[in-house]
Amino acid sequence: TLYNSIKNEKLEWAIDEDELRKSLSELVDDKLGASAKKVTRIVDGSNPFLDIPQALNAITYKHGVLTRKTHADTDGKRTPRGRRGWKKFYAVLKGTILYLQKDEYKPDKDLSEVDLKNAIRVHHALATKASDYSKKSNVLKLKTADWRVFLFQAPSKEEMLSWIQRINLVASIFSAPAFPAAICSMKKFCRPLLPSSMTKLCQEEQLRSHENKMRQIADELTEHKLHPVEKSLKSKEAEEYRLKEHYLIFEKSRYETYINLLCVKIKVGTDDLEKIEASLFMVEADDISLRKTHSSPSLSQGHLSVHSKVEKDVIEQNT
């Protein structure tokens, strides 16, 4: 019966990918109506369900010149040597997307196919100062939801810190709560799926969601450390243990950063970015400089984030 049912009516996720994209596009266009022309789509990997529409009229939080180096691909796999070179772009943080354009930013300019290909989603991402990279100055590290790692060199220390702050603020405010991890009968470690859609929670609810998640991760990390494996072991079990520990430490740092930023944002009680930056400067005077930057937008349609002390995710010196 099951065989005949599937044969006669295809499973939705088994249909042709192009057909699925077309149906999803039609669904989105129906909902957006007149604004449909101002929508583009950024594809992460080959999963069509992650092909989420992005409004081109989204708020621009920051733009400026950045030089990019790809350090790790999806799931943290080391990028092949031939693709690790530094490339200069004009970066635009628009909504939850970091666009890397070859030409200077113009608000009304349509994005090219190359621009869309280079775009990076910043949902559930964490930007930090690349303290372990000494070959260049003013370098920040961006780790994305799918564990890709990018290095970006900014023109100055002030610009580097500003990019860190704004990327983390956007991630903190807009990232939707994570889905539970896949359940498996084996002991293989699986990271939770981090949705790329925008959160529907208000700021206070978003803060509580981050706090609950951090408590959960802290408890998992404590429990994890109660059952250590020998560091000298090179077995699959030992590798899974180290992978999970690395994940939990990173996630704890990420949520700590998000919580700190949202607390400051809510306490200040304004969408004025410059006032938020001034408050963040008071909180983190030893870690970040929050001087006035150009083209500071209002945050009336969203929220921003700031860089807190996080545990180091070492970047090898020979990169």
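**Close-up views of a predicted protein model**

Of the 319 residues in the protein, 44% are buried. The structure is a predicted model, and the legends below take the reader from the whole chain to single residues.

**Figure 1. The whole protein contains seven helices and nine strands.** About 18100 Å² of the protein is exposed, and 52% of this area is supplied by carbon and sulfur atoms. Among the contacts in the protein with a separation of 6 or more, 64% are accounted for by residues 24 or more positions apart.

**Figure 2. Seven strands form an open sheet.** The order of the strands is β6-β5-β4-β3-β9-β8-β7, and their pairing is antiparallel. At the edges stand β6 (120-121) and β7, each of which pairs on one side only. Helix α4 packs on this sheet and touches β3 (60-72), β4, β5, β7 and β8. The direction of α4 makes about 95 degrees with that of β3. Strands of a sheet pair through backbone hydrogen bonds, in either a parallel or an antiparallel manner.

**Figure 3. Strands β4 and β5 are joined by five bridges.** Strand β4 comprises residues 87-94 and strand β5 residues 97-101, and the two run antiparallel. Within this pairing, Val92 has Tyr99 in β5 as its bridge partner.

**Figure 4. Strand β8 is mostly covered.** Strand β8 spans residues 139-143, and five of its five residues are buried. In a regular strand, side chains alternate between the two faces of the sheet. In β8, Val139, Lys141 and Lys143 point one way, whereas Leu140 and Leu142 point the other way. All of these residues are buried, the two lysines Lys141 and Lys143 included.

**Figure 5. Strand β8 pairs with β7 and with β9.** Strand β7 (residues 126-129) is joined to β8 by four bridges, and the two run antiparallel. Five bridges join β8 to strand β9 (residues 149-153), again in an antiparallel arrangement. Lys141 illustrates both pairings: Lys141 is the bridge partner of Thr128, and Leu151 in β9 is the bridge partner of Lys141. The hairpin of β8 and β9 has five residues between the strands. In this hairpin, Trp147 takes a positive phi near 65 degrees.

**Figure 6. Val139 is a buried residue of strand β8.** The relative accessible area of Val139 is 3%; because buried means under 20%, Val139 falls within that class. Which residues are in contact with Val139, leaving aside its neighbours within four places in sequence? They are Trp86, Lys129, Ala130, Tyr133, Leu151, Phe152, Gln153 and Met160. One of these, Leu151, is also the bridge partner of Lys141 in the pairing with β9. The C-alpha atoms of Val139 and Lys157 are separated by 8.4 Å, and these residues lie 18 residues apart along the chain.

**Figure 7. Helices α4 and α6 pack at an angle of about 90 degrees.** Two packed helices are described by the angle between their axes and by the distance between the axes. The axes of α4 (residues 157-174) and α6 (residues 236-268) are 9 Å apart. The two helices are therefore roughly perpendicular to each other. On the α4 side, Asn168, Leu169, Ala171, Ser172 and Ile173 take part, and they meet Thr257, Tyr258, Leu261 and Leu262 in α6. The residues of this contact divide into six nonpolar, three polar and no charged.

**Figure 8. Glu240 is a residue of helix α6.** Is Glu240 buried or exposed? Glu240 has a relative accessible area of 15% and is therefore buried, since the cut-off is under 20%. Glu240 and Cys190 lie 50 residues apart along the chain, and their C-alpha atoms are separated by 9.5 Å.

**Figure 9. Two loop residues, Asp75 and His124, have a positive phi.** Most residues other than glycine have a negative phi. Asp75 lies in the loop between β3 and β4, and its phi is near 65 degrees. Asp75 is partly exposed, with a relative accessible area of 45%. His124 is placed in the loop between β6 and β7, and the phi of His124 is near 55 degrees. With a relative accessibility of 3%, His124 counts as buried.

Note on methods. Residues are numbered from 1 along each chain as its sequence is written. This is a predicted model: local features need pLDDT of at least 70, side-chain atom pairs count only at pLDDT 80 or more; totals for chains, interfaces and linings use all residues. Side-chain values use heavy atoms; hydrogens and water are left out. Buried means under 20% relative accessible area, exposed over 50%, partly exposed in between (1.4 Å probe, protein chains only). Contact means heavy atoms within 4.5 Å. Accessible areas come from the Shrake-Rupley method with a 1.4 Å probe; for residues, only the protein chains shown count as cover. Two strands pair if DSSP finds at least two bridges between them. Axes are lines fitted to C-alpha atoms, for helices over the stretch in contact, and angles run from 0 to 180 degrees between N-to-C directions. Angles under 35 degrees count as roughly parallel, over 145 as roughly antiparallel, 65 to 115 as roughly perpendicular and the rest as oblique. Ala, Val, Leu, Ile, Met, Phe, Trp, Tyr, Cys and Pro count as nonpolar, Asp, Glu, Lys and Arg as charged, and the others, Gly among them, as polar.
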